[in-house]
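Q: Could you take a close look at how charged side chains pair here? Please start from one pair and then work outward to whatever else the model shows.

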Amino acid sequence: MIYITRRETFSAAHRMFREGWPDEKNLEIFGKCSNPEWHGHNYVLNVTVKGDIREDLGFFINLSTLKKIIHEMVIEKVDHRNLNTEVEFMKGKIATTENLAIAIWNELKPVIEMYGAKLHCVRISETENNTIEYYG
Ligand code: NI
């Protein structure tokens, strides 16, 4: 089995908070990312897919196809957007990187499978020091 990882970047605004909690409580639980006036991150998204090489092609999914899927299903929907208010697949969720990774997994999985590949991992870095991985 071969694993391929495609790296993409996007910039987005968010706020981590629970509706109904006072700002002080949100600050205590979610830290700086609970700022009521929003803030942004330069996210790095790594999507790893796996599959068996087709002997007639020497690969199992075209990298330009993988790029196109990630752009259409994710990047175009999140880049320069507010994750809390503008991104359909994040509606009703707390805008943590954990929830973002799960939501992106759910967006990508069926489409990647349509191309005969399997989604292996969605990895998102919110900062250089904080990385979340989701394996389904
Ligand atoms: Ni943040």
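A: In this predicted model, Lys 77 and Glu 107 form a salt bridge, with their closest N and O atoms 3.2 Å apart. Lys 77 belongs to helix H2 (residues 63-78) and Glu 107 to helix H3 (residues 97-114), so the contact ties together parts that are 30 residues apart in sequence. Lys 77 has a relative accessibility of 33%, and therefore counts as partly exposed. Side chains of opposite charge can pair when their charged atoms come close. The salt bridge is one of 9 found in a search of the whole structure.

Two further salt bridges can be described in the same terms. Arg 81 and Glu 86 meet through their side chains at 3.5 Å, N to O. Arg 81 is partly exposed at 36% relative accessibility, and Glu 86 is partly exposed at 41%. Glu 88 and Lys 91 also meet in a salt bridge, at 3.7 Å from N to O. Here Glu 88 counts as exposed, because its relative accessibility of 63% is over the 50% cut-off. Its partner Lys 91, at 42%, is partly exposed.

Charged side chains also sit over aromatic rings. Arg 15 lies over the face of Phe 17, 4.0 Å from the ring centre. The charged end of Lys 25 is placed over the ring of Trp 21, at 4.8 Å from its centre.

Trp 21 leads on to the aromatic pairs, of which the count is 3. In one of them, the ring centres of Phe 10 and Tyr 43 are 4.9 Å apart and the planes are at 15 degrees; this is under 30 degrees, so the pair is stacked. Phe 10 is in strand E1 (residues 2-14) and Tyr 43 in strand E2 (residues 39-51), so this pair ties together parts that are 33 residues apart in sequence. Phe 10 is buried at 1% relative accessibility, and Tyr 43 is buried with a relative accessible area of 1%. Another aromatic pair, Trp 21 with Phe 30, is tilted, at 6.3 Å centre to centre and 35 degrees between the planes. Trp 21 is partly exposed at 30%, whereas Phe 30 is buried at 17%.

The strands that hold Phe 10 and Tyr 43 are themselves paired: E1 and E2 run antiparallel over 13 bridges. Within this pairing, Glu 8 stands opposite Leu 45 in E2. E2 also pairs with strand E4 (residues 118-125), again in the antiparallel sense, over 7 bridges. Thr 48 has Cys 121 in E4 as its bridge partner.

The last site is the nickel ion, coordinated by His 14 (NE2), Cys 33 (SG), His 39 (NE2) and His 41 (NE2) at 2.0 to 2.1 Å. Its 4 donor atoms subtend angles of 92 to 127 degrees, so the arrangement is tetrahedral. Along the chain the donors follow the spacing H-x18-C-x5-H-x1-H. His 14 lies in strand E1 and Cys 33 in the loop between helix H1 (23-30) and E2, so these two donors tie together parts that are 19 residues apart in sequence. His 14 and Cys 33 are both buried.

Note on methods. Residues numbered from 1 in each chain as written. Predicted model: local features only at pLDDT ≥ 70, side-chain atom pairs only at ≥ 80, totals over all residues. Heavy atoms only, no water. Phe/Tyr/Trp six-rings, centres within 6.5 Å; stacked < 30°, edge-to-face > 60°. Helix = DSSP H or I, 4+ residues; strand = E, 2+ residues; numbered from the N terminus. Buried < 20%, exposed > 50% of the residue type's maximum accessible area, 1.4 Å probe, protein only. Lys NZ or Arg CZ within 6 Å of the ring centre and 35° of its normal. Donors = N, O, S within 2.8 Å, 3.2 Å for Na, K, Ca; no water. Tetrahedral: all angles 85-135°; square planar, octahedral: opposite > 155°, others 65-115°. Pairing = 2+ DSSP bridges. Salt bridge = Lys/Arg side-chain N within 4 Å of Asp/Glu carboxyl O.
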